[in-house]
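Open the model in your viewer and follow the stops below. Each one says what to select and what is there.

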Amino acid sequence: MTDILLYDLIRGHLLKLSVYAFFIGIAYRFFRVLFLGLPPDYAPPKGKPILKAIEKVLLKPSQAWRFFLEVFAHRGIQYVGGFLFHLGFLGLTFFVPQHAFLWGDILGFEPPYLPQVVADILAYSALGSLFALTVHRIFNPVLRLLTGKDEYLANFLIGLVLFSGLLATRWAGGAYYLWMLNVHMLSACVLILYIPFSRLSHFVYYFMSVFFYGRNVGKRGVSF
Amino acid sequence: MMKVEKTEEIGEREARLFYEFCVASINAEVAAYLESCVRCGLCAEACLFYMGENISGKIDPTLTPAYKADLLREIYKENFTLWGRIKKTLGMGVKIDEKELKEQVKLAFYTCTMCDRCTKVCPMGIDTPRLVGIVRGALTSVGMAPKDLVDATNTALEKGSPLGVDVTTFLQRIEFISEEWEVEIPVDQKAEWLYIPSSIELMKFPSSVAAAAKVFHHAGINWTVSTVAHEATNFGLFLQDREVSKELLRRVLRGAKELEVKTIIAPECGHAYQSMRFVAPNLFPSEWDLKVLNIVEFIYLMLEEGRLHIKKKVVDRITLHDSCQIGRRGGVLKEPRYILKLLAENFVDSVDMPEKNICCGGGGGVVVVRDADYHRQKAFLTKAELFDKTGVKNVACYCANCMLALNKSAQEFNRDYKFISIVELVADALEGGES
Ligand code: SF4
Ligand code: SF4
């Protein structure tokens, strides 16, 4: 019985609460930075700042790959792992069959979802990449210096969400299914709540930071 | 007379002023950069200082660009974020002492040339030079900028140039160059174009000033040099001291206005171009209506308009060193490549994309700072590796400061590269030979 009660609690109130808190927190963080304002720039631009800003928002992550040959030898794990992790994590969040009901609740309609086999591949690759990235973070001297508790906590939470999700869909049979699902949903709630308080909110600042970067690229008339 | 202060006593007052400067420098752009760092460390692999240590078989993680902005990031957080404020209230805030400030001097003044290469590799587009610039400004404001830079800046404020070139010396050098290279250099004439050399060229590479004069004559433009605006360099940029930058640029503005100039031709000097092209309009928003071209841009324009004709190839094989402030941060990248293809039998680029070129190691004033010599030399190894990949010894440059740093480091390592000014090559190619 407890498992069902817990399920109802998480599914009913906790999830909603964490999603609301997430949106409020993220909006706060975004506008707090935006409202700091910018000084005017009177230097005549050499290129097209706004067009470049939009281009960079759309393309910047792929353009960092222009350094692939130089950087790959030292940071192959990050390039490949980072790519696979983001692909897996975002793909799983938005496009697995099991989440369709959730998006249906939020959006009012069910978005298209991936076949289960693709979802499985994404889950394994995201989990594997996360593990490799975490080990790399522990042993690489540069990353060790840059890493704080925030990164480890975030990786742990994401790992828990991915792992419990995988267990629930693939392996947990019978009585354990609901427990696994509860762990999955509870850790997801904690993760969603944690995002606005952590560097996981980088996805919001990505748009701002890369927009400013692109604007500067346009002002200076360089290509990237 | 304005003067930059240098202090040896570092205490609570300095720490407080440093802190306040940082807080006052935060705006939406800076905050976005500080917030968005995902601690991936990829920027380390783009920074010539970090890479140089790697080549020597050592890893120094503190040379990672992201780390160079970490104190600023902490200061930002505890003033602008909820969690940071709570921590500060609980007494867990940033503590800045003498050791920390000295570390910042190393990070911002010795091991960053503000070259902008890390920005390109960073997946979040974080403009680390902008952040390092704030740290530099904060250190300058508390009298902790390196002594060599402060001395040179004060000489510039007092005498008109960091190398002590006052008006009398300027006129003597112009006369010497005119006679030695048999080229006429108009002084203080009303003209459409104003050419402002840097004192590094005037004193150490006078042939490039003569070459510039020859190019102007060939192009048939109405030009002059000025005894008021006789120095293009601006050490205020190195120190990130707004008032110093403004004072030095005021002289440029006054000189240009007196001679009714429309366009300034900035010399082969990175930060001179940066200061006049991108900084000056913001320091004099209502007065600065001058167009600014770097001399390489000018040559490109004249070639395009058919006012200059390259008559012969003047070099066999050559590669190019880009000035970061004119190139990657200034947008003059295609021009030197176009010109070099006309000048050389075989132009070998050292990078597949111009924006990826590596700094000389002496930019941002690093070449002037003796305490930074070790880091400059390490950084040069990264640069030398790039040259060696091309297998070419001739290296074209379009910044005298780069040439100075590259020559110095090459000598220290016994390397036989030959660094040549693009303007000199152009001047040679304009004379004699087949069209
Ligand atoms: S601006 Fe250049 S020198 Fe400074 S941290 Fe970035 S790559 Fe290194
Ligand atoms: S590459 Fe960018 S996001 Fe990554 S650590 Fe460096 S500054 Fe931060």
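**Where two domains meet**

Start with polar contacts: 11 residue pairs, both at pLDDT 80 or more, link domain 1 of chain B and domain 3 of chain B in this way. A polar contact is a pair of N or O atoms within 3.5 Å; within protein, one must be able to donate a hydrogen and the other to accept it, and residues adjacent in sequence count only if both atoms are side-chain atoms.

This is a predicted model: local features need pLDDT of at least 70, side-chain atom pairs count only at pLDDT 80 or more, and totals for chains, interfaces and linings use all residues. Residues are numbered from 1 along each chain as written, chains are lettered from A and ligands numbered from 1 in the order written, and side-chain values use heavy atoms, without hydrogens and water.

Next, select 12-145 (domain 1), 159-302 (domain 2) and 309-430 (domain 3) in chain B. These bounds come from an automatic or database domain assignment. The C-alpha centres of domains 1 and 3 of chain B lie 29 Å apart. Their contact (heavy atoms within 4.5 Å) takes 23 residues from domain 1 of chain B and 25 from domain 3 of chain B.

Now pick B:Asp127 and B:Arg329. They form a salt bridge, with the closest N and O atoms 3.3 Å apart. Salt bridges (a side-chain nitrogen of Lys or Arg within 4 Å of a carboxyl oxygen of Asp or Glu) number two between domain 1 of chain B and domain 3 of chain B.
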